[in-house]
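Colleague: Before I use this model at the bench, could you take me through the reasoning behind the words you apply to it?

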Amino acid sequence: MRQQLLHVGFSAAHGAAFGVSPSLIRMRCFPSSKCVRGFGGRGSSRTPKALRGDIPMHRVVQTVGRQLWPPGHPKLKLLVVCSVTCMVIAKATRVAVPFWFKTIVDTLAPSSAAAAGAVVGAVPLGVFGLVAAYGITRLTTSLTDELKGAVFAPVGAHAATQVLMGLFEKIHGLDLQFHLSRQTGVMAKDIDRGSRAFWSLTYVLLFMAIPTAFEITLVCGILSAQAGTKFVAVAATAVVAYVGWTHWVTTWRVKIRHSYNAADSALGGLLVDSLLNFETIKYFGREAYELERVGCKAREMNYLTARLDQSLALLNFGQQTIFTVAATVSLYFATCGVLAGAMTVGDLVLIDALLLQLYQPLSWLGMLYREIQSSTQNMQA
């Protein structure tokens with residue numbers, strides 16, 4: 001015990017000579033049983049108290065909203081309007097593509113192939129004109145979808161910069177005690193993760209949440225008008241089952257994500273702080289101990305990474321199962337309608353394509369929920 005106290009005194013004096021805080025030297029130079037008690041033990045590094053705390057979801061959404069419509073920047077607001085316009089056009093043309101496909105199939109069906117033509121509204125179109133219209137519509141969808149992201153890029157860059165500057169200003173405004181007991185590596189990791197999470201959350205809310213709700217509503221309305229209520233009932237059941245499964249599994253994954261963020265920040269903090277205090281560690285010959293601590297945290301983080309990947313595989317399999325069952329039931333109903341003469345082959349193709357149009361935004365909905373949860377946790381970190 002006396003020898004340890006003498007070492008504490010020498011390490012503190014040596015650290016003062018190098019401009020290193022005594023608390024950091026004591027943490028670096030002496031073994032602690034807390035570090036090796038197992039994953040998630042009492043010794044896990046955590047975010048400094050000054051920056052720790054859960055952020056209510058409404059505050060996150062309000063912050064994102066302010067950055068999406070920045071006051072005093074009319075050019076950025078115009079870019080937001082143009083980007084949203086491109087998004088609406090992309091969604092509308094994407095839903096229009098299956099109708100061109102249906103018309104082409106009905107035109108080439110044996111009962112009408114002899115005519116070799118079709119009429120869309122008051123405009124007569126040959127079968128090759130329909131094929132050209134199909135291709136132009138798909139190309140327009142792709143063009144407006146890409147323009148959406150390109151036009152919005154300056155707005156997102158401005159928002160990320162403002163958030164980073166605000167966070168940097170807040171850190172400099174904290175009291176001296178926080179900076180004396182800082183964990184540089186942990187704090188740098190959390191700042192980086194939070195900035196990237198804000199950008200992800202901004203894009204998700206503007207270009208995934210609202211558009212997905214719009215597209216699901218539009219496709220369900222078209223299904224009801226073109227095919228009947230039973231197809232809408234199947235689609236609605238699939239949506240409810242999909243949302244329920246995604247919510248249940250993602251809520252379970254939240255706990256794993258929290259532990260992963262803590263381990264990731266702790267590992268980054270150990271690496272950076274160890275390198276910053278290279279002279280002190282070398283002076284006392286604690287390289288092996290530092291290696292042991294880093295290895296402990298690396299194994300913990302890799303274990304949690306495997307848990308996240310495995311739970312994601314389970315989530316994706318359940319979602320695909322729901323999609324497959326709903327698509328099979330809908331295709332069965334459509335096949336019965338074609339055999340009964342109540343529907344054409346083009347109607348069957350249209351229903352299948354519309355269901356794919358419905359399930360595609362649903363898959364985005366699952367990623368949307370995961371991104372919101374993950375980004376919110378990263379911002380809280």
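**How the terms are earned**

Modeller: Buried residues make up 40% of the 381 residues in the protein, and I should say at once that this is a predicted model. The protein has 11 helices and two strands, and from the N terminus on its elements run α-α-α-α-β-β-α-α-α-α-α-α-α.

Colleague: Why is D347 called buried?

Modeller: The relative accessible area of D347 is 15%, and buried means under 20%, so D347 counts as buried. D347 lies in helix α11, which covers residues 345–380.

Colleague: What makes the pair of T344 and D347 a polar contact?

Modeller: The backbone nitrogen of T344 lies 3.0 Å from a polar atom of the D347 side chain, and the cut-off for such a pair of N or O atoms is within 3.5 Å. If neighbours within four places in sequence are set aside, D347 is in contact with K102 and D106.

Colleague: Which residues touch the most other members of the largest nonpolar core?

Modeller: That core has 26 residues, and L223, I351, L358, Y359 and L362 are the ones that touch the most other members. At least two residues of this core come from each of α7 (184–226), α8 (229–276), α10 (287–339) and α11, and α11 gives the most, with eight residues.

Colleague: Which residues does I351 touch, not counting those up to four places away in sequence?

Modeller: I351 touches L223, A227, F231, A334 and M343 on that count, where contact means heavy atoms within 4.5 Å. Apart from the largest core lies another, of 11 residues, among them V64, L76, L201 and L206.

Colleague: How do you know that the span of α10 is close to the expected one?

Modeller: Helix α10 has 53 residues and reaches 77 Å from its first C-alpha to its last, whereas 78 Å is expected at 1.5 Å a residue, and the two values are close. Just after α10, G341 takes a positive phi of about 85°.

Colleague: What share of the contacts with a separation of 6 or more comes from residues 24 or more positions apart?

Modeller: Such residues account for 84% of those contacts in the protein.

Colleague: And which atoms supply 67% of the area that the protein exposes?

Modeller: Carbon and sulfur atoms supply that share, out of about 20500 Å² exposed by the protein.

Key:
Residues are numbered from 1 along each chain as its sequence is written. This is a predicted model: local features need pLDDT of at least 70, side-chain atom pairs count only at pLDDT 80 or more; totals for chains, interfaces and linings use all residues. Side-chain values use heavy atoms; hydrogens and water are left out. Helices (H or I, at least four residues) and strands (E, at least two) are DSSP runs, numbered from the N terminus. Buried means under 20% relative accessible area, exposed over 50%, partly exposed in between (1.4 Å probe, protein chains only). A polar contact is a pair of N or O atoms within 3.5 Å; within protein, one must be able to donate a hydrogen and the other to accept it, and residues adjacent in sequence count only if both atoms are side-chain atoms. A nonpolar core is a set of buried Ala, Val, Leu, Ile, Met, Phe, Trp, Tyr and Cys residues joined through side-chain atoms within 4.5 Å. The expected span of a helix is 1.5 Å times one less than its number of residues. Accessible areas come from the Shrake-Rupley method with a 1.4 Å probe; for residues, only the protein chains shown count as cover.
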